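Please open the structure in your viewer and keep the selection panel at hand. The stops below are meant to be taken in order, each beginning with something to select.

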Amino acid sequence: MSRRAFVALILVLSTALLLVAVASLGVGSAEISAGRILTILTGPETSLERTILLQLRLPRILLAILVGAGLASAGTAYQVLFRNPLADPFVIGASSGAALGATLAILAGWGIDMGIGALPLTAFLGSLAAVALVYLLGGSGAYASPLTLLLAGAAVSTVVGSLVSLLMILYDQSLGVIFNWLLGGLATATWQEIGYGAPMISAGVLWLWFLSRPLDALALGDDEAQSLGLSVIGFRSAIVFGATITTAAAVSMAGIIGFVGLVAPHAARLVVGTRNSRLLPASCLLGALLLLLADDAARSLASPQEIPVSIVTALIGGPFFLYLLRRRSAATGGLP
């Protein structure tokens with residue numbers, strides 16, 4: 001793809017995202033027409049509809065964009081780093097750590113406030129702690145490799161996930177609250193939450209884009225990257241750090257929303273190719289667009305009742321994952 005075509009694609013995706021975001025203001029149990037939305041946004045009036053738009057729907061839309069972009073960016077980085085098309089942002093324990101942190105916060109009686117409160121903070125710290133443990137076990141030392149990171153991630157995720165299940169059994173009175181958080185959702189979005197999450201996700205996405213060239217080199221393999229003069233362990237650590245910060249911030253704000261970080265990078269790769277300086281921004285925009293559309297569907301399919309957005313993304317991403325698995329199995333002669 002030429003540079004001009006890439007710029008045109010980014011403009012098209014940005015315009016589409018803006019149009020969908022504006023249209024999403026009218027989606028919900030309370031119907032608000034396009035004309036009324038324009039009047040409310042441009043006028044000084046005070047009304048219930050204005051409160052709904054500015055305090056409920058607009059933060060939710062911005063949160064969907066942030067979380068979608070963050071998960072897609074982290075998913076892109078992990079797929080390239082591990083040279084595994086089935087990798088997602090939660091591949092090395094970020095989701096299980098966040099789940100344990102959130103569960104402990106709920107059991108401690110710190111509530112479900114998704115602003116700059118105890119629950120998102122403990123989810124964020126839990127996510128970072130789990131990934132740090134994974135990296136300590138499998139990512140350091142002379143013989144560290146993407147495979148050891150993946151295996152350590154699988155082991156830590158299993159153990160931490162079992163701890164969450166044990167706590168849910170022992171404290172069944174909080175089961176509903178914990179389960180609702182684990183499902184993931186954007187309904188409790190606030191401006192406070194945007195202020196907390198936007199800087200971290202933005203910094204993580206920019207950090208990964210800054211490392212796009214080392215990512216290109218690491219995609220060729222450790223030996224090839226070393227022959228180019230790269231410090232493999234150093235750059236791998238930097239990439240894992242950026243992807244983890246981005247994932248942890250997204251999960252702490254919205255809970256566990258799967259498949260966005262799996263689907264968006266593959267969709268972007270089909271259009272812009274494998275060059276990460278182009279793949280990352282295209283993937284971010286597609287991830288934001290995908291999650292925003294999924295949230296619109298979650299709000300409208302069973303209105304006035306809402307479906308957790310993670311269910312919608314799973315219905316989209318599950319078949320896509322099976323397709324990738326089948327294609328990978330065919331390409332490797334049945335090997336995983």
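What follows is a tour by selection, from one helix through the core to a group of charged side chains.

This is a predicted model, in which local features need pLDDT of at least 70 and side-chain atom pairs count only at pLDDT 80 or more, while totals for chains, interfaces and linings use all residues. Residues are numbered from 1 along each chain as its sequence is written, and side-chain values use heavy atoms, with hydrogens and water left out.

**First stop: helix H1**

Select residues 3–24, which form helix H1; helices here are DSSP runs of H or I with at least four residues, numbered from the N terminus, as strands are runs of E with at least two. The 22 residues of H1 reach 31 Å from the first C-alpha to the last, close to the 32 Å expected at 1.5 Å a residue, where the expected span is 1.5 Å times one less than the number of residues.

Now colour the buried residues of H1, namely Phe6, Leu9, Ile10, Leu13, Leu17, Val20, Ala21 and Ser24. They cover an arc of only 105 degrees around the axis, which puts them on the same side of H1; the arc is that of the directions from the helix axis to the C-beta atoms. Buried means under 20% relative accessible area, exposed means over 50%, and partly exposed is in between, with a 1.4 Å probe and protein chains only. Turn to the face of H1 directed away from its buried side, and you will find the exposed residues Arg4, Leu11, Val12, Leu18 and Leu19. What lies over the buried residues of H1? The cover includes H3, H12 and helix H13 (276–300).

**Second stop: helix H12**

Select residues 260–272, the 13 residues of helix H12. At 1.5 Å a residue H12 should span 18 Å, and its end C-alpha atoms are indeed 18 Å apart. Among the buried residues of H12 are Val260, Leu262, Pro265, His266 and Val272. Step past the end of H12 to Gly273, which follows the helix and has a positive phi, near 90 degrees.

**Third stop: the nonpolar core**

Which residues have the most contacts inside the largest nonpolar core? They are Phe82 and Trp181, in a core of 97 residues; such a core is a set of buried Ala, Val, Leu, Ile, Met, Phe, Trp, Tyr and Cys residues joined through side-chain atoms within 4.5 Å. Helix H3 (residues 48–81) gives the most to this core, with 14 residues.

Centre on Phe82 and show its surroundings: leaving aside neighbours within four places in sequence, Phe82 is in contact (heavy atoms within 4.5 Å) with Ala87, Val91, Ile92, Pro146, Leu149 and Leu150.

**Fourth stop: three single residues**

Select Ser95, which is placed in helix H4 (residues 94–107) and is buried, with a relative accessible area of 14%. Beyond its neighbours within four places in sequence, Ser95 is in contact with Phe90 and Ile256.

Go next to Leu137 in helix H5 (residues 118–138), an exposed residue with a relative accessible area of 59%. The neighbours within four places in sequence again being left aside, Leu137 is in contact with Ala152 and Val156. Its C-alpha atom is separated by 7.9 Å from that of Leu149, 12 residues apart along the chain.

Then select Leu301, in the loop between H13 and helix H14 (309–331), which counts as exposed at 63% relative accessibility.

**Last stop: the salt bridges**

The structure holds 4 salt bridges, each a side-chain nitrogen of Lys or Arg within 4 Å of a carboxyl oxygen of Asp or Glu. Select Arg60 and Asp295, whose closest N and O atoms are 2.9 Å apart in a salt bridge. This pair links distant parts of the chain, with Arg60 in helix H3 and Asp295 in helix H13, 235 residues apart. Both Arg60 and Asp295 are buried.

Add Glu306, which forms a salt bridge with Arg60, the closest N and O atoms again being 2.9 Å apart. Glu306 lies in the loop between H13 and H14 and Arg60 in helix H3, so this pair ties together parts that are 246 residues apart in sequence. Is Glu306 buried or partly exposed? Glu306 is partly exposed, with a relative accessible area of 36%, whereas Arg60 is buried, at 7%.

Finally, select Arg299 and Asp296, another salt-bridged pair with closest N and O atoms 2.9 Å apart. Both lie in helix H13, 3 residues apart, about one turn of the helix, and both Arg299 and Asp296 are buried. Salt bridges that share partners join Arg60, Asp295, Asp296, Arg299 and Glu306 into one network.
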